[in-house]
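The exercises below work through one protein model, from its overall layout down to single residues. Each begins with a task and continues with a solution in steps.

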Amino acid sequence: MASTLPPWRLPDCMQVTRSQIIARGLTNHCPNCGRHTLFKPDSRFKINERCANCGLKFDRGDGFFLGPFVINYGVTAFGFVLPVLFLYFFGVLRPVATIVTAATGAIALPILFYRMSWSWWLMLYFYFLPQKLPNNREGLDEDKEE
């Protein structure tokens, strides 16, 4: 039997609050248990399939990896390259400095921001669907997901 509450209202039995999800997302921690288990310890770019502590599945299926890419692209394009272009437009930067700065940032920022973009994507996903977290499903009547 499914819950009769509207999707924006959380049942009282939810153990992980939305503020906890945000705090965990901003600090690269598992949204469910709060442990630092998103990435493999020996790799900068390899996300774990599941949390080593609670078993939460991080990669939720086909196309889920596009979320971090979109966040990474948005931060790079609108948070870095666009302001650099505005600096050129207003005469602060010369053309060569603009091209070098924008190109360097467009290459380096996605690499540096990769882990954070995955964490932010999981944060956004579970912020809007907190009932999908295993710790929040214990008191619900819904079937458990993988």
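**Exercise 1. Describe the secondary structure and the overall burial of the protein.**

Begin with the elements: the protein has 4 helices and 0 strands, where helices (H or I, at least four residues) and strands (E, at least two) are DSSP runs numbered from the N terminus. Read from the N terminus on, the order of these elements is α-α-α-α.

Before going further, note that this is a predicted model, in which local features need pLDDT of at least 70 and side-chain atom pairs count only at pLDDT 80 or more, while totals for chains, interfaces and linings use all residues. Residues are numbered from 1 along each chain as its sequence is written, and side-chain values use heavy atoms, with hydrogens and water left out.

Next comes burial: 32% of the 146 residues of the protein count as buried, a term that stands for under 20% relative accessible area, with exposed meaning over 50% and partly exposed in between (1.4 Å probe, protein chains only). The accessible surface comes to about 9100 Å², and 64% of this surface belongs to carbon and sulfur atoms; such areas come from the Shrake-Rupley method with a 1.4 Å probe, and for residues only the protein chains shown count as cover.

Finally, consider contacts, that is, heavy atoms within 4.5 Å. Among those between residues at least 6 apart in sequence, 58% join residues at least 24 apart.

**Exercise 2. Determine which residues of helix H1 are buried, and where on the helix they lie.**

The buried residues of H1 are Arg18, Ile21, Arg24 and Gly25. Seen down the axis of H1, these buried residues fall within an arc of 125 degrees, so they line one face of the helix; the arc is that of the directions from the helix axis to the C-beta atoms. What covers the buried residues of H1 includes H3.

Now follow the chain just past H1, where Asn28 takes a positive phi of about 60 degrees, although Asn28 is not a glycine. Asn28 lies in the loop between H1 and H2 and is buried, with a relative accessible area of 16%.

**Exercise 3. Explain why Cys33 and Cys51 are not counted as a disulfide, and examine the surroundings of Thr37.**

A disulfide is a pair of cysteine sulfur atoms within 2.5 Å, and a search of the whole structure finds 0 of them. Cys33 is accordingly in no disulfide, the nearest cysteine sulfur being that of Cys51, 3.6 Å away. Because the sulfur of Cys51 is 3.6 Å from the closest cysteine sulfur, in Cys33, the pair is too far apart for a bond. In burial, Cys33 counts as partly exposed at 21% relative accessibility, whereas Cys51 is buried, with a relative accessible area of 4%.

Cys51 also appears in the surroundings of Thr37, a residue in the loop between helix H1 (18-26) and H2. Not counting residues up to four places away in sequence, Thr37 touches Cys30, Asn48, Cys51, Ala52 and Phe58, and Thr37 is itself buried, with a relative accessible area of 13%.

**Exercise 4. Relate helix H2 to the chain that follows, and locate the nonpolar surface patch.**

Start with Val81, which is found in helix H2. Leaving aside neighbours within four places in sequence, Val81 is in contact with Thr76, Ala102 and Ala106. Val81 and Ala103 are 22 residues apart in sequence and 8.2 Å apart in space, C-alpha to C-alpha. For Thr104, which lies in helix H3, the C-alpha to C-alpha distance to Val81 is 9.7 Å, with their places 23 residues apart in sequence; Thr104 is partly exposed, with a relative accessible area of 48%.

Move on to Leu87, found in helix H2 (residues 66-89) and partly exposed at 37% relative accessibility. Outside the neighbours within four places in sequence, Leu87 is in contact with Val92 and Leu93. Val92 is found in the loop between H2 and helix H3 (95-128) and is exposed, with a relative accessible area of 57%.

Both Leu87 and Val92 belong to a nonpolar surface patch of about 1100 Å², whose other members include Tyr73, Phe78 and Phe90. Patches are made of residues with over 30% relative accessible area and no salt bridge (a side-chain nitrogen of Lys or Arg within 4 Å of a carboxyl oxygen of Asp or Glu); like charges are joined within 9 Å, and nonpolar side chains (Val, Leu, Ile, Met, Phe, Trp, Tyr) within 5 Å.
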